[in-house]
Amino acid sequence: MSGYELLARDLAACGRDGFTGEVRVSGSPGGTVHLRGGLVVAVESPGAPGPKALLLRSGRIGGEEWDALVRESGGARWPVAGLVAHGYTGAAQLRVVCAMALKDAAFAVVAGSVDDCERGPATEPPPGAVTVGEPPTRLLQDAARKLHALDALPYPARPERERPVPASLSFPASRLTALRRELLTHTDGRRTARDLAFLTGRGVYTVTVEVARMLGEGLLECPDAPAPIPVRLPPDGAGVRPRPPAPPPPPSSDPAQHHAALPRRRPGASGVKEFFRLRHPTGN
């Protein structure tokens with residue numbers, strides 16, 4: 001059974017059972033699926049930015065303001081009331097951000113490897129939980145559809161695989177959207193699409209798709225292995241120096257090899273005449 005099938009089976013069982021709690025997914029990147037009454041209300045994964053990271057990178061709220069809200073709420077991981085009350089974001093915008101983070105984390109889990117799944121009770125309220133949960137089967141089908149869409153691109157990238165660099169070519173500014181300009185600034189041959197998603201505060205699926213498209217269009221490249229340099233010779237060979245012959249191998253110091261290299265004497269008529277001359281000497 002593949003990792004995806006294992007995850008789909010366990011989450012489908014949670015949906016049928018009306019399970020409330022956590023499903024801890026071990027793997028790379030892995031994550032935690034939070035369910036309420038059999039519906040998924042949040043997904044946390046180290047492979048995708050959470051709602052807090054999306055809010056901070058969007059510029060709606062800064063780090064100091066966030067820390068102040070956490071202190072004001074008594075240490076809550078997700079100070080939703082303060083976010084809305086202080087006008088950092090509207091309630092509708094917050095719902096959109098949480099739904100995006102949920103689906104993006106589910107995609108990150110499915111796009112990686114799944115080793116095992118384990119049910120458990122909820123340890124604490126998840127940050128950025130949505131009010132109306134997602135059916136587990138539909139959530140996984142959506143993640144699988146995104147993977148198939150990536151595979152259909154000319155350059156099927158993965159969140160954790162490619163580490164691109166900007167290509168050494170110039171392109172019209174019309175082809176460089178704000179996201180593309182940002183990615184060209186941060187790609188350095190060490191960052192994956194997952195790294196770039198955290199750095200830019202965007203969804204890992206969105207960034208992976210854009211990286212794949214830019215690789216296909218030649219805006220980015222992956223210099224993992226140097227391309228061979230083609231050698232073109234003139235049609236008539238003019239200007240090409242002939243290669244000097246290879247020097248003969250040095251003589252071996254093995255006596256057996258010297259013996260084997262000596263010419264062998266072939267018996268013949270001259271040998272028979274020499275034998276009779278020695279046995280019957282004449283006066284000549």
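W66 is a good place to start: this tryptophan is buried, with a relative accessible area of 3%. Keep in mind that the model is a predicted one.

W66 has an aromatic partner, W78. The two ring centres are 5.8 Å apart, and the planes meet at 55°, so the pair is tilted. An angle over 60 degrees would have counted as edge-to-face, and one under 30 as stacked. W78 is buried as well, with a relative accessible area of 14%. Now look at where the two residues lie. W66 belongs to helix 3, residues 63-72. W78 is in the loop between helix 3 and helix 4 (80-85). The pair therefore ties together parts that are 12 residues apart in sequence.

How many aromatic pairs does the structure hold? There are 2 aromatic pairs. Besides W66 and W78, F107 and Y205 form an aromatic pair. Their rings are edge-to-face, with 5.1 Å from centre to centre and 70° between the planes. F107 sits in helix 5 (residues 91-111), while Y205 sits in helix 9 (residues 204-217), so this contact ties together parts that are 98 residues apart in sequence. Are these two residues buried or exposed? F107 is buried, at 0% relative accessible area. Y205 has 19% relative accessibility and also counts as buried. The cut-off for buried is under 20%.

Y205 has a further contact. The charged end of K146 sits over the ring of Y205, 5.2 Å from the ring centre. So the ring of Y205 takes part in an aromatic pair with F107 and also has a charge over it. A charge sits over another ring too. Here the charged end belongs to R119 and the ring to F19, with 4.9 Å to the ring centre.

Next, the cysteines. A disulfide is a covalent bond between the sulfur atoms of two cysteines. A search of the whole structure finds 0 of them. Why does C14 form no such bond? The closest cysteine sulfur to that of C14 is in C117, and at 8.7 Å it is too far for a bond. The cut-off is 2.5 Å. C14 counts as buried, at 0% relative accessibility. Another cysteine, C98, is buried with a relative accessible area of 5%.

Finally, turn to two helices. Helix 7 covers residues 178-186 and helix 8 covers residues 193-200. Their axes come within 11 Å and cross at roughly 115°. Helix 7 and helix 8 are therefore roughly perpendicular to each other. Their crossing is right-handed.

Key: Residues are numbered from 1 along each chain as its sequence is written. This is a predicted model: local features need pLDDT of at least 70, side-chain atom pairs count only at pLDDT 80 or more; totals for chains, interfaces and linings use all residues. Side-chain values use heavy atoms; hydrogens and water are left out. Rings of Phe, Tyr and Trp (its six-membered ring) pair if their centres lie within 6.5 Å; planes under 30 degrees apart count as stacked, over 60 as edge-to-face and the rest as tilted. Helices (H or I, at least four residues) and strands (E, at least two) are DSSP runs, numbered from the N terminus. Buried means under 20% relative accessible area, exposed over 50%, partly exposed in between (1.4 Å probe, protein chains only). A charge sits over a ring if NZ of Lys or CZ of Arg is within 6 Å of the ring centre and within 35 degrees of the ring normal. Axes are lines fitted to C-alpha atoms, for helices over the stretch in contact, and angles run from 0 to 180 degrees between N-to-C directions. Angles under 35 degrees count as roughly parallel, over 145 as roughly antiparallel, 65 to 115 as roughly perpendicular and the rest as oblique. A crossing is left-handed if the near helix is turned anticlockwise from the far one by less than a right angle, and right-handed if clockwise.
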